[in-house]
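Biologist: Please take a close look at how the charged side chains pair in this model, and then follow the contacts outward from there. I would like one connected account rather than a list.

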Amino acid sequence: MREKLQRFMAGRYGADQLSRVYLALILILLVLSMFVKFLPLYWAALLLLIYTYYRMFTKNVSKMYAQNQKYLNWRYRKVAKWAAFKKRFAQRKDYRFFRCPTCRQRVRVPKGKGKICITCPRCHHDFIKKS
């Protein structure tokens, strides 16, 4: 049986990170539809399940790979933004963060120095802020 499954899946895309996210979303929608008794929720889960199986069994590998890469890039941007926020939040007692008015670069300056002239490291624009 294992050999038959391997022959069937040869040349097909299979499961990836986006498929796993879809499967988790399907599970959540099905559980919600059980408690809420809202029929469109059930149908949405069923349609998403059909599409997920289509993604797994398709032989159009390049298209599914591109979709997965787009999802992974989106997820990376969100994770990187969250990590930067956590880092700034941890440093909030010792530093203040300002944005350069011309290039929008985030600049970190020490707290408690009074009114200071800040030079942007990217565009070298000077602006005055109170730290």
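Modeller: In this predicted model, the side chains of Glu 3 and Arg 7 meet in a salt bridge, with a distance of 3.6 Å from N to O. Both residues belong to helix H1, which covers residues 2-9, and they sit 4 residues apart, about one turn of that helix. An α-helix has 3.6 residues a turn, so residues three or four places apart point the same way. Glu 3 is exposed, because its relative accessible area of 53% is over the 50% cut-off, and Arg 7 is likewise exposed, with a value of 56%.

The count of salt bridges comes to 2, and the other pair joins Asp 16 to Arg 55, whose closest N and O atoms are 3.1 Å apart. Asp 16 lies in the loop between H1 and H2 while Arg 55 lies in helix H3, so this pair ties together parts that are 39 residues apart in sequence. Asp 16 has a relative accessibility of 6% and therefore counts as buried, and Arg 55, with a relative accessible area of 0%, is buried too. One salt bridge thus has two exposed partners, Glu 3 and Arg 7, whereas the other has two buried ones, Asp 16 and Arg 55.

Both members of the buried pair are touched by Asn 68, whose contacts, leaving aside residues up to four places away in sequence, are Tyr 13, Asp 16, Gln 17, Leu 18 and Arg 55. Asn 68 lies in helix H4, and its relative accessible area of 4% makes it buried. Met 64 and Tyr 71 are also buried in H4, and the buried residues of this helix pack against H2 and against helix H3, which covers residues 39-57. As for the geometry of H4 itself, its 30 residues (61-90) should span 44 Å at 1.5 Å a residue, and the end C-alpha atoms are 43 Å apart, which agrees.

Helix H3 also holds Met 56, which is buried with a relative accessible area of 12%. Not counting residues up to four places away in sequence, Met 56 touches Met 9, Arg 12, Tyr 13, Gly 14, Ala 15, Ser 19 and Leu 23. Of these contacts, Ala 15 stands 41 residues away from Met 56 in sequence, yet the two C-alpha atoms are 5.4 Å apart in space. Tyr 13 appears among the contacts of Met 56 and also among those of Asn 68.

Helix H2, one of the two helices that the buried residues of H4 pack against, also contributes to the surface. Leu 27 is found in this helix, which covers residues 17-36, and with 56% relative accessibility Leu 27 counts as exposed. Leu 27 is part of a nonpolar surface patch of about 830 Å², which is made by Leu 27, Ile 28, Val 31, Leu 32, Met 34, Phe 35, Val 36 and Phe 38. Lys 37 has its place in the loop between H2 and H3, and Lys 37 is exposed, with a relative accessible area of 69%. The phi of Lys 37 is near 60°, a positive value in a residue other than glycine. Most residues other than glycine have a negative phi.

Positive phi values also occur among the strands. Strand E1 (residues 95-99) and strand E2 (residues 106-110) run antiparallel and are joined by 5 bridges, and within this pairing Arg 96 has Val 109 in E2 as its bridge partner. The two strands form a hairpin with 6 residues between them, and Arg 104 in the turn has a positive phi of about 65°. Gln 105 is found in the loop between E1 and E2 and counts as partly exposed, at 22% relative accessibility. Leaving aside residues up to four places away in sequence, Gln 105 touches Phe 98, Arg 99, Cys 100, Cys 120 and Arg 122. Gln 105 and Cys 123 are 18 residues apart in sequence, with their C-alpha atoms 8.6 Å apart in space. His 124, in the loop between strand E3 (115-119) and strand E4 (126-130), has a positive phi near 60° and is exposed, with a relative accessible area of 59%.

Technical notes:
Residues are numbered from 1 along each chain as its sequence is written. This is a predicted model: local features need pLDDT of at least 70, side-chain atom pairs count only at pLDDT 80 or more; totals for chains, interfaces and linings use all residues. Side-chain values use heavy atoms; hydrogens and water are left out. Patches are made of residues with over 30% relative accessible area and no salt bridge: like charges are joined within 9 Å, nonpolar side chains (Val, Leu, Ile, Met, Phe, Trp, Tyr) within 5 Å. Accessible areas come from the Shrake-Rupley method with a 1.4 Å probe; for residues, only the protein chains shown count as cover. A salt bridge is a side-chain nitrogen of Lys or Arg within 4 Å of a carboxyl oxygen of Asp or Glu. Buried means under 20% relative accessible area, exposed over 50%, partly exposed in between (1.4 Å probe, protein chains only). The expected span of a helix is 1.5 Å times one less than its number of residues. Contact means heavy atoms within 4.5 Å. Two strands pair if DSSP finds at least two bridges between them.
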